[in-house]
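Here is a short set of questions and answers on how some features get their names.

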Amino acid sequence: MEEQREALRKIIKTLAVKNEEIQSFIYSLKQMLLNVEANSAKVQEDLEAEFQSLFSLLEELKEGMLMKIKQDRASRTYELQNQLAACTRALESSEELLETANQTLQAMDSEDFPQAAKQIKDGVTMAPAFRLSLKAKVSDNMSHLMVDFAQERQMLQALKFLPVPSAPVIDLAESLVADNCVTLVWRMPDEDSKIDHYVLEYRRTNFEGPPRLKEDQPWMVIEGIRQTEYTLTGLKFDMKYMNFRVKACNKAVAGEFSEPVTLETPAFMFRLDASTSHQNLRVDDLSVEWDAMGGKVQDIKAREKDGKGRTASPINSPARGTPSPKRMPSGRGGRDRFTAESYTVLGDTLIDGGEHYWEVRYEPDSKAFGVGVAYRSLGRFEQLGKTAASWCLHVNNWLQASCPSTMPAPNKYCTLSRPGSHSRCCPLSRYGVAASR
């Protein structure tokens, strides 16, 4: 009995959930019916407005072209009527002159004949009929005002509802990530003259490969792009990868987004190798700072460990007690620490060549530091950028100036720009950082 009661409860619960789902769907269908009515009324109103706009435009064109015909007809009529009136007057004058000449000829025995003949001759010379052009000033041909709307009629017959734009295709080969900028290039799979603008969305991510569905970073939106490429400027590459997608829009509707792509920031990732650091530098994986007591504290700890307990003094400091580089033992397994005046630490990644990008941030109150690249032959006593084995940018706020410290040695090509720019180098060894007070 209890099992039947429990089964009945489950059936009731299932039916209640199903009824709620059906009621929700019924409400959704009713709402869709209302939306269909409202949306169809809107698109019908828009369609009528568009056709009315076409009718108005055609009517304006018709009126303008009719006016052109009327003006041309009036101009030709005026010219022909003037020419006709002039010819009529000339003909009347010529007929009068002809009649006079005939009468004079009949009275040739008269004493006044010579004088009359001379007057007739002078009248003929000055007669309008002999100064009148018998060529029409204008033509009666109106063919230059004929029209042929066959092509336009085909275009009107091809009128149809706006199609939904296709999804663009992002061209990875033409896209570029460089100089704190990303230039994204895309194309439409088929030519579409109805495209009005594009919408670009992007977001930062730490994942390589295809974009993931669940991401912590929101999509950033850029609208109103008129070309098939766009350049994002002023970026900070705090993440290695960025997702991009783009969609096309016409006057009415937006299409689907393109397949999202992931572009990689060509950043050179490395950490600082604390084992190479000068004792007066406090080194973390990604940061280094000056520590005036570093060498003394380490010396004290070393002596306490040996049970000697002697305090460090300038005479016992590592800088004064280190033998000459020529006398340094050579059979060490790792890199020797920088010492003396070479306040330097190396990166933990070797460079074989190519083009690399990284960023450096420094505290505003830093007095002096250098960032550069070095050959493997850089000695532990050599200061970064002071010999042919290395090159660096040296910032010295003691002098309120900054400049490259030395030029590269022969057969060494390297340009290291401000933080946030590119560096290209031939086979150098490692990135180095030098710090000062």
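Q: Where does Leu 58 lie?
A: Leu 58 lies in helix 1. Helices are DSSP runs of H or I with at least four residues, numbered from the N terminus. The model is predicted: local features need pLDDT of at least 70, side-chain atom pairs count only at pLDDT 80 or more, and totals for chains, interfaces and linings use all residues. Residues are numbered from 1 along each chain as its sequence is written, and side-chain values use heavy atoms, with hydrogens and water left out.

Q: What makes Arg 76 and Asp 72 a salt bridge?
A: The rule asks for a side-chain nitrogen of Lys or Arg within 4 Å of a carboxyl oxygen of Asp or Glu. Here N to O is 2.5 Å, so the pair qualifies.

Q: Why are Arg 76 and Asp 72 separated by about one helical turn?
A: Because they are four residues apart in helix 1.

Q: How many salt bridges does this rule count?
A: The count comes to 12.

Q: Why is the group with Leu 47 and Phe 161 called a nonpolar patch?
A: Patch residues have over 30% relative accessible area and no salt bridge, and nonpolar side chains (Val, Leu, Ile, Met, Phe, Trp, Tyr) are joined within 5 Å. Leu 47, Phe 161 and the other members form such a patch, with about 1,100 Å² of accessible area together (Shrake-Rupley method, 1.4 Å probe, only the protein chains shown count as cover). Helix 1 gives the largest share, seven residues.

Key. Patches are made of residues with over 30% relative accessible area and no salt bridge: like charges are joined within 9 Å, nonpolar side chains (Val, Leu, Ile, Met, Phe, Trp, Tyr) within 5 Å. Helices (H or I, at least four residues) and strands (E, at least two) are DSSP runs, numbered from the N terminus.
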